[in-house]
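Thanks for sending this one over. Here are my notes, in the order I would go through them with you on screen.

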Amino acid sequence: MGTLNFIVLIPFLTALLIPLFYKKGSRLHIGLLPILVAVSLFIYLLTYIPDIANGKTFLHTISWIPSYGINFTTYLDGLSLIFALLITGIGTLVILYSIYYLSENEQLGHFYTYLMMFMGAMLGVVLSDNLMVLYVFWELTSISSFLLIAFWYQRKRSREGAQKSMLITMSGGFGMLVGFLMLYAITGTMNVREIIEIIPDLTGHVLFVPAMLLLLFGAFTKSAQFPFHIWLPDAMEAPTPVSAYLHSATMVKAGIYLVARFTPVFGGEGVWFWIVTGVGIFTLFWGSFQAVRQTDLKALLAYSTVSQLGMIMSMFGMGSVALNFGYSTESVFYTQATFAALFHLINHSTFKGALFMAVGIVDHEVGTRDIRRLGGLATFMPITFTISLIGSFSMAGLPPFNGFLSKEMFFQAAIDITTLGVFHVDTLGNLIPIVAWIASIFTFVYSMIIVFQTFLGPYKEERLERPANESPIGMLISPLILAGLVLIIFFFPNVLGNYIIRPAMASVFPSLATQVDLGVEILRWHGFNSLALWMTIGVVLIGIILYKFPKIWRWIYVLFPGEWSFNSLYNFAIEQGEKSSRRFTNSYMTGDLRNYLMYIFSFFILLIAGAFVLTGSYNFTISDNAMISTFEWIIVMSLMIAAISILFAKSRLTAILLNSVLGYGVALLFVIFRAPDLALTQTVVETVTTVLFLVAYYFLPEWQKEQGTRKANLTKLVVSIAVGATFTVVALAAQNNRLFERISTYFEDSYELAGGRNIVNTILSDFRGFDTMLEVVVLLIAGLGVYSIIKLKAGKRGKKIENQ
Amino acid sequence: METLITILSGVLVTVGTYLLLSKSILRVVLGTAIFSHAAHLLIITMGGLKTGNVPILGDEDVSAFVDPLPQALILTSIVISFAVTAVILTISYRAYQTLGTDNLEELRGSKYD
């Protein structure tokens, strides 16, 4: 039994406890319980750092469904530790922030329950080593995120945003599940550890690439990569602490985690490199491009998150090529991209968390997040301004903030990748640093928008709901800590690099890490020879020009109007999907019994006659038929005539009488076929049935001629004849294909076995008495049914309720 | 004989199908009744016709009987189909009484149910 497993379970237990402790009016804030849990988990995880840094890993298993190889296996290594620390650390800060952010009138019990569920699910995702358990927690993050986005469920936009994120992440999750199952089919194991060991021999497997693509589909939807990024801006309807936690620091990084975790499985393949890098780079560009046009601060931050996630994703893609080479000095060279990715992952969590919280404070204090209504807040909210400044400059990649370091490393990695000798990077590969550079310019521009258009410029008091004031200190603690981290990481990056990121590199490149130390010395200063530095200088210069003179280039956005976005495509697809499925359903679900019978009969003809024709089972012979006397000919012929005349009957009395002719004729046939009991029963039953029909006669409407178009009648006729013909042909063929002798010779000993001379009766009451018993029950139920149908009538009261 | 009776059941099935596809409930009920006749005839035909004596052990020595098993099956079936016919006849009576129509086209329920 591992303590690691309990790390995952404790948040869930807390989520269970919260409603018990939550009472309105209690003096202690309900947020205290989750914050204590989060902070103790964080501290507990910190104690693992020395061991992990020394290359140790921890594996614990709790049996769940051992017969299917599904066990709750947790595995802690460098990679999981980074994420687990982010989840619990930022979780603590977010809970602290939310205590001051959310008013006491909100449903805080719900909020913290969902939040703890999410934290547990997220820890489960990063700590699970078993594919199925990973998937379970993955879906739990989707569900709790859905609940959190729609926390203000009274608002339509919240519900819509929640629904959209649910649909997109769930479909991605489902694709991922299929990918996992394919991986299981390839390797025969559910454990990621074992898969990584086995997979190098199996990369040629036919399911290898499909599994990879499906897994990436899951990762891209979760991490809001192009074109699945559309749910993230809409998820901004959630309370700001949720946006800060889920949609910047943790959940959107689940896809990143998945890509990093499965790099040893799929990395080194050209498909993986191109998709991860290509999609990442394009997401980086598209997100930053779209962010600049936003007027809502949270939407801007959402697009910037999309963009930064694309950047991290692309770096993981670039790093994965190292696995292609096996061990060599060259391969280690490319792992630096992954190092930069992990580094930026942490940096992004710090500055984006701080920025979201700062925006939340602005929203909380002045009542709006619209850039056009904001301005000049710096003098009123100096601390928030400082936090935003640090966050934005770090995001823009300026010194002395940690974003600068990771941005430099990113540029360096993008430049390095153009020298790559595999996967045909010759031409397209040169685009990577260029796109990265352009995207960084846009990043710079929107970062400046956040700081300067919100906090500087004219103060527009009349446009604000409340006059600006610095927020209470409680709300400032968390963003201040994060902003502080931004600075600390810049000045002491190698502490982080050596103790946290180096062990994570060993998880991403297990085969290389055994041979060489993958740690990278993070340099604050590369010297003037570094191209990356000049790229940053270029970004700043051009960024300032673009920011200062928006008029000269803003027309670009006219070329890409908002209606052309993937959002509109998504809405269109949803709308059309609903419409067309409704149309489709209405086209065949007519509510008319005859149509459904028509389908059933058509399928009967198609399947039975079709199979009959395909197998060619025609086999007719009349050689062993019994002789037919003239009398029998007459009976059979008159029955046929009677049956057909029912169709032409002018009145219902004729039809009923013709039906009884059929019944009595069948009874007569039973006599000829040496079945006295049958003949007797048939006669009696036919009489009673006829009486029943005649009783109903007076209560039923007059027999009307079947109206209908000729075409409809012809279809009916064709279908009926086809059904009859199929029936006859199959029956005839069956008669001539006896497989074995009958078993009835056994029943002929009925006198010795059952003490009866009438064999049919002994079968009914002795050999197969169960049938008879249940048949009696059927008759009883029918009697009760007839009685209650006639007697019981729904009262008016019931009717009214139904119509309400 | 077997072939002839099978063809007879085929005709009954054709008629029954045609009646089931009609608009008025009474025709549908009749169609099901005719279907059950066809089924009974088919079952007894499958056991072979007139191959021996009535399946009752008498004092005289008879070597061959007709197959008693299909007869037992049909006997059960007759009773069940009678019960079902009675129930659906009552239902169509009640439906007509309550709704005032026996036309299936009008009995498809309202759009808003």
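The points below cover the interface, the cavities and the backbone.

1. **Status of the model.** Please keep in mind that this is a predicted model.

2. **Extent of the interface.** I would begin where the two chains meet. Chain A brings 97 residues to the contact and chain B brings 81. Together the chains bury about 8400 Å², and 75% of that lies on carbon and sulfur atoms. On the chain B side, the most area is lost to chain A by B:Tyr18, B:Leu21 and B:Leu57, which together make up 9% of what that side buries.

3. **Polar links across the interface.** If you plan to look at charges here, note that the rule finds zero salt bridges between chain B and chain A. Polar contacts do occur: eight residue pairs are counted between these chains, with both residues at pLDDT 80 or more.

4. **What chain B contributes.** Three helices of chain B each supply at least two residues of the side that touches chain A: helix 1 (2–20), helix 2 (25–46) and helix 3 (68–99). Helix 3 of chain B gives the most, with 24 residues. By class, this side of chain B has 48 nonpolar, 23 polar and 10 charged residues.

5. **Cavities.** The structure has six cavities of 30 Å³ or more, and the largest has a volume of about 120 Å³. Which residues come closest to the centre of the largest cavity? Of the 13 that line it, they are A:Val685, A:Glu686, B:Ser36, B:His37 and B:Ser81.

6. **The lining of the largest cavity.** Both chains take part here: helix 29 (676–697) of chain A, along with helix 2 and helix 3 of chain B, each supply at least two lining residues. The class count for this lining is four nonpolar, eight polar and one charged. Helix 2 and helix 3 of chain B thus appear in this lining and also on the side of chain B that touches chain A.

7. **A loop to inspect in chain A.** Most residues other than glycine have a negative phi, and most peptide bonds are trans. Against that background, A:Ala224 has a positive phi of about 55° although it is not a glycine. The peptide bond between A:Phe226 and A:Pro227 is cis, with omega about -5°. Where does A:Pro227 sit? A:Pro227 is in the loop between helix 9 (208–222) and helix 10 (231–234) of chain A, and A:Ala224 is also found in the loop between helix 9 and helix 10.

Terms used
Residues numbered from 1 in each chain as written. Chains lettered and ligands numbered in written order. Predicted model: local features only at pLDDT ≥ 70, side-chain atom pairs only at ≥ 80, totals over all residues. Heavy atoms only, no water. Contact = heavy atoms within 4.5 Å. Buried area = accessible area lost by both parts, 1.4 Å probe. Salt bridge = Lys/Arg side-chain N within 4 Å of Asp/Glu carboxyl O. Polar contact = N/O pair within 3.5 Å; in protein donor to acceptor, adjacent residues only side chain to side chain. Helix = DSSP H or I, 4+ residues; strand = E, 2+ residues; numbered from the N terminus. Nonpolar A, V, L, I, M, F, W, Y, C, P; charged D, E, K, R; others polar. 1 Å grid on protein atoms, 1.4 Å probe; cavity = no way out; pocket = protein on both sides within 12 Å on 5 of 7 lines; lining within 4 Å. Points joined across faces, edges and corners; volume = space filled by probe spheres on them.
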